[in-house]
Amino acid sequence: MATGRRAEKMEETRAKLIAAARKAFAEKGFAAASMDDLTAAVGLTRGALYHNFGDKTGLLAAVVHQIDADMAARAREIGQRKDGLWEALMAEGAAYIEMALNPEVQRIVLRDGPAFLGDPSQWPSQNACLAATMEVLEALIADGTVEPLDIEATARLLNGAALNAALWIAASEDPEATLPRARGAFERLATGILARKP
């Protein structure tokens with residue numbers, strides 16, 4: 001019983017720190033966010049941060065993972081409204097790209113994430129997206145919609161195109177104007193793997 005309560009308390013502490021960090025990183029950026037201000041805002045100490053995340057970078061990794069997972073869930077939800085696997089895959093890619101207009105996504109996931117955590121293709125959340133894309137591609141190849149290509153290579157290139165489109169939008173001086181250009185090019189590139197045009 002005590003062990004269960006302790007685990008619950010630890011999870012509550014982690015959730016508080018992630019929520020506070022998400023707010024601070026979105027408002028100030030990772031580098032400018034103060035660990036003392038962040039922990040004080042939720043009535044915790046630096047020790048709680050170190051115990052749960054190792055350091056500030058570990059906390060950033062947890063925040064990026066949460067936002068990236070939220071983005072993937074939202075994209076999946078949009079894809080599920082479509083008829084057919086191909087249409088769903090394209091809708092998910094377009095939705096992911098469009099989320100680059102969100103200021104929180106821009107600053108935390110697309111700017112600070114790569115700057116402080118390194119290559120996004122190595123992030124656990126991106127690897128989960130890769131696995132999901134590979135599963136869809138396997139089905140699309142099996143039903144003859146997509147050319148019989150190397151599934152991992154194709155999934156990596158599709159996901160990489162969507163991620164790089166989002167990175168471009170986030171870095172753009174005019175993200176709203178960049179979005180249709182990035183999305184249009186992504187969709188055009190993706191259709192190149194089709195065995196038959198939709």
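1. Is R76 buried, partly exposed or exposed? With a relative accessibility of 39%, R76 counts as partly exposed. The cut-offs are these: buried is under 20% relative accessible area, exposed is over 50%, and partly exposed lies in between (1.4 Å probe, protein chains only). You'll find R76 in helix 4, residues 56–79. Its C-alpha atom sits 17 Å from that of P124, and the two residues are 48 apart along the chain.

2. A word on what you're looking at. This is a predicted model, where local features need pLDDT of at least 70 and side-chain atom pairs count only at pLDDT 80 or more, while totals for chains, interfaces and linings use all residues. Residues are numbered from 1 along each chain as its sequence is written, and side-chain values use heavy atoms, with hydrogens and water left out.

3. Now the overall picture. The protein chain has 9 helices and 0 strands, so its elements read α-α-α-α-α-α-α-α-α from the N terminus on. Both kinds of element are DSSP runs numbered from the N terminus: helices are H or I with at least four residues, strands are E with at least two. Along the principal axes, the C-alpha atoms fill a box of roughly 60 × 45 × 25 Å.

4. Next, inside and outside. The protein chain has 198 residues, and 41% of them count as buried. About 10700 Å² is exposed, with carbon and sulfur atoms supplying 55% of that area. The areas come from the Shrake-Rupley method with a 1.4 Å probe; for residues, only the protein chains shown count as cover.

5. Charges, briefly. The protein chain carries 22 positive and 27 negative side chains, and the centres of the two sets lie 5 Å apart. Lys and Arg count as positive and Asp and Glu as negative, leaving His and the chain ends uncounted. Each charge is placed at NZ of Lys, CZ of Arg, CG of Asp or CD of Glu.

6. How does the chain divide up? The domain assignment gives domain 1 (1–54) and domain 2 (63–193); such bounds come from an automatic or database domain assignment. The domain centres, taken over C-alpha atoms, are 29 Å apart. The contact between them takes 10 residues from domain 1 and 9 residues from domain 2, where contact means heavy atoms within 4.5 Å. For the protein chain, among contacts between residues at least 6 apart in sequence, 68% join residues at least 24 apart.

7. Take a look at helix 3, residues 46–53. Its buried residues are A48, L49, N52 and F53. They cover an arc of only 100° around the axis, so they sit on the same side of helix 3. That arc is taken from the directions from the helix axis to the C-beta atoms. An α-helix has 3.6 residues a turn, so residues three or four places apart point the same way. Right after helix 3 comes G54, with a positive phi near 85°.

8. L17 is worth clicking on. This residue belongs to helix 1, residues 2–28, and is buried, with a relative accessible area of 0%. Setting aside neighbours within four places in sequence, L17 is in contact with residues including A48, L49, N52 and F53. Those four are the buried residues of helix 3.

9. Last, try K56 in helix 4. K56 counts as buried, at 16% relative accessibility. Not counting residues up to four places away in sequence, K56 touches F25, F30, A31, A33, M35 and L49. From K56 to E77, 21 residues along the chain, the C-alpha atoms are separated by 32 Å.
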